[in-house]
Amino acid sequence: MIHKITLMPSDALLIVDIQNDFLTGGALGISGSNEIIPTLLNYVRRFQTHGLPIFLSRDWHPPDHCSFQSQGGPWPAHCVAGSPGSLPPSSFTTPPSAVIIYKAMDRNQEAYSAFQHTALDRHLRILNVRRLFIGGLATDYCVLNSVKDARTLGYDVCLLMDGIKAVNLQAESSLRAEAEMIHLGTVPVQWEMLET
Ligand SMILES: [Zn+2]
């Protein structure tokens, strides 16, 4: 028997960093990342149908961000604010009411979490959100850190297992990240578990 999940008025959806640079062919393209887009769009439409809030985070760096290899950081340049790589693909059609959360805009500071130096927590509190459904990219960095902050801030979290992909610089880093999030009380969910 599949455990079912009923959406409630205190639920919200957070989709992390669906941006061209993290997709196939992008500056930091994550293997298999394009496959999760149709599933994420299913979640978007379901939350929209229920009139529930939808948040989309975007990595949004200055051209000399400290995380770039040119500045001594670990990553190739990616998601430079406003560049084609920083935008979502045209297939990722989201409602105009979705709130975009820009992060990691300070050149001197890395910010993997969608909560770090953003207004996300304030938005959620104003809307009386208690439970966050989180998916997107990448499982082992921005999703992991967003989930950790959400749990620290007291939100219940459902992790969209069919809507995440990992960078996996080290083998099994996605499994480790998933295990860590579940250890923190995150509930793993699949699309089929959502009641209509
Ligand atoms: Zn980044």
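Helices α3 and α4 of this predicted model are roughly parallel to each other, because their axes cross at roughly 5°, an angle under the 35 degrees that bounds this class. Helix α3 spans residues 139-152 and helix α4 residues 173-183, and their axes come within 10 Å. On the α3 side the contact is made by Thr-139, Asp-140, Val-143, Leu-144, Val-147 and Lys-148. On the α4 side the contributors are Ser-173, Ser-174, Ala-177, Glu-178, Glu-180 and Met-181. Sorted by class, this contact of α3 with α4 comprises five nonpolar, three polar and four charged residues.

Helix α3 also has contacts beyond α4. Its buried residues are Thr-139, Asp-140, Cys-142, Val-143, Leu-144, Ser-146, Val-147 and Ala-150. These buried residues pack against the strands β1 (11-16), β3, β4 (131-137) and β5 (156-165), as well as against α4. Just after α3, Gly-154 adopts a positive phi of about 95°.

**The zinc site**

Which residues coordinate the zinc ion? The donors are Asp-59 through OD, His-61 through NE2 and His-78 through NE2, at 2.0 to 2.1 Å. Along the chain, these donors follow the spacing D-x1-H-x16-H. Both His-61 and His-78 lie in the loop between β2 (54-59) and β3 (99-103), so the pair ties together parts that are 17 residues apart in sequence.

Are the two histidines buried or exposed? His-61 counts as buried because its relative accessibility is 0%. His-78, with a relative accessible area of 3%, is buried as well. The remaining named donor, Asp-59, is likewise buried.

**Salt bridges**

The structure holds eight salt bridges. Three of them are listed here with the N to O distance between the side chains.

| Salt bridge | N to O distance |
|---|---|
| Asp-59 and Lys-103 | 3.1 Å |
| Arg-107 and Asp-64 | 3.0 Å |
| Asp-156 and Arg-151 | 3.9 Å |

The zinc donor Asp-59 thus also takes part in a salt bridge, its partner being Lys-103. Asp-59 lies in strand β2 and Lys-103 in strand β3, so this pair ties together parts that are 44 residues apart in sequence. Lys-103 is buried, as is Asp-59. Salt bridges that share partners join Asp-17, Asp-59 and Lys-103 into one network.

The bridge between Arg-107 and Asp-64 links two loops. Arg-107 lies in the loop between β3 and α2 (120-126), whereas Asp-64 lies in the loop between β2 and β3, so the pair ties together parts that are 43 residues apart in sequence. Arg-107 is partly exposed, with a relative accessible area of 32%. Asp-64 is partly exposed too, its relative accessible area being 30%.

The pair Asp-156 and Arg-151 is found where the model leaves helix α3 and enters strand β5: residue 151 belongs to the range 139-152 of α3, and residue 156 to the range 156-165 of β5. Asp-156 counts as partly exposed because its relative accessibility is 43%. Arg-151 is partly exposed at a relative accessible area of 27%.

Note on methods:
Residues numbered from 1 in each chain as written. Predicted model: local features only at pLDDT ≥ 70, side-chain atom pairs only at ≥ 80, totals over all residues. Heavy atoms only, no water. Donors = N, O, S within 2.8 Å, 3.2 Å for Na, K, Ca; no water. Helix = DSSP H or I, 4+ residues; strand = E, 2+ residues; numbered from the N terminus. Buried < 20%, exposed > 50% of the residue type's maximum accessible area, 1.4 Å probe, protein only. Axes fitted to C-alpha atoms, helices over the stretch in contact; angles between N-to-C directions. Parallel < 35°, antiparallel > 145°, perpendicular 65-115°, else oblique. Contact = heavy atoms within 4.5 Å. Nonpolar A, V, L, I, M, F, W, Y, C, P; charged D, E, K, R; others polar. Salt bridge = Lys/Arg side-chain N within 4 Å of Asp/Glu carboxyl O.
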